[in-house]
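These are my notebook entries on a few things I looked up in this structure, taken one topic at a time.

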Amino acid sequence: MGRRRFRVSTDRDHDVSEGPTTRPDFTVRDGCPGDIAATTRIYAIEVREGSASFELTAPDEAEMTRRFETIRDAGLPYLVAEDTGGEILGYAYAGTYRPRPAYGATVENSVYVAAEARGRGVGRALLAALIERCRQAGRREMIAVIGDSGNVGSIALHRALGFRDAGVLRNVGRKHGRWLDTVLMQFTLQDDGDDGAL
Ligand SMILES: CC(C)(COP(=O)(O)OP(=O)(O)OC[C@H]1O[C@@H](n2cnc3c(N)ncnc32)[C@H](O)[C@@H]1OP(=O)(O)O)[C@@H](O)C(=O)NCCC(=O)NCCS
């Protein structure tokens, strides 16, 4: 699969609907099978040490490849941020929100940035590009299912890009010896007045 590059916005005042811009120190592009080793490493640390993911055992590269293929086969974006030295700093993807067919226009987003690359706009760039790609793919709503109401970084990132609060499910997970909430946030990708009438 060819690598498609995107110019992405990391400007805090930039409306992502205006289209992407660029950053000199990294690029957001389509992920490819060669990126899976890096995304597996980034995700494994978050599974082991963090509370954003409710997985308890980190998936191996074969499983991460299977997930990557499922996303791409659904026509949805799987993006990586790569620095000028070729290192993968983070990744983001949109997956099916829920499997039943009436949910088909709704996606759930995920974004993970390596700990050492945080706080320099990588998460914002990935999520802005993901939103744009999902719009182009005709999806209508994007849902963030954020593990842990103490996950200030993820909540701040989603708010910064215009997601609105949609609710909190209290104590629905247990990890690292404590009960965890799930924070739901929502972003409307297409606001075209379509009321769903056929
Ligand atoms: C959440 C995460 C993706 C953010 O990535 P990042 O590259 O550090 O974020 P950015 O530097 O692009 O920051 C984006 C915005 O969020 C805010 N933000 C990010 N981390 C923050 C933190 N810890 N506290 C407060 N605000 C924060 C920034 O201030 C910035 O706002 P601005 O653009 O208006 O200035 C990253 O911290 C991460 O991978 N966390 C662990 C996994 C996770 O929680 N993923 C989300 C799963 S839903």
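Entry one, helix packing. I looked up how α1 and α2 lie against each other in this predicted model, and found that α1 (residues 36-49) and α2 (residues 61-73) pack at an angle of about 110°, with their axes 9 Å apart. Angles of 65 to 115 degrees count as roughly perpendicular, and therefore I entered α1 and α2 as roughly perpendicular to each other. I then listed who makes the contact: from α1 these are Ile36, Ala37, Thr39 and Thr40, and from α2 they are Glu61, Met64, Thr65 and Phe68. By character, I noted the residues of this contact between α1 and α2 as four nonpolar, three polar and one charged.

Entry two, the ligand. I looked up the shell and found 24 residues around the ligand, of which Ala52, Arg118, Gly123, Gly153 and Ala156 come nearest. I noted that β5 (106-113), α3 (122-136), β6 (141-147) and α4 (152-160) each supply at least two residues of this shell, and that α4 gives the most, with six residues. Sorted by character, the shell around the ligand holds eleven nonpolar, eight polar and five charged residues.

Entry three, Ser149. I placed Ser149 in the loop between β6 and α4, and then asked myself whether Ser149 is buried or exposed. Ser149 has 15 other C-beta atoms within 10 Å, so I entered it as partly exposed. Leaving aside neighbours within four places in sequence, I found Ser149 in contact with Val168, Asp181 and Val183. I also noted that Ser149 and Leu180, 31 residues apart in sequence, are 7.4 Å apart in space, C-alpha to C-alpha.

Notes. Residues numbered from 1 in each chain as written. Predicted model: local features only at pLDDT ≥ 70, side-chain atom pairs only at ≥ 80, totals over all residues. Axes fitted to C-alpha atoms, helices over the stretch in contact; angles between N-to-C directions. Helix = DSSP H or I, 4+ residues; strand = E, 2+ residues; numbered from the N terminus. Parallel < 35°, antiparallel > 145°, perpendicular 65-115°, else oblique. Contact = placed C-beta atoms within 7 Å. Nonpolar A, V, L, I, M, F, W, Y, C, P; charged D, E, K, R; others polar. Near = placed C-beta within 6 Å. Buried ≥ 20, exposed ≤ 12 C-beta atoms within 10 Å, placed from the backbone.
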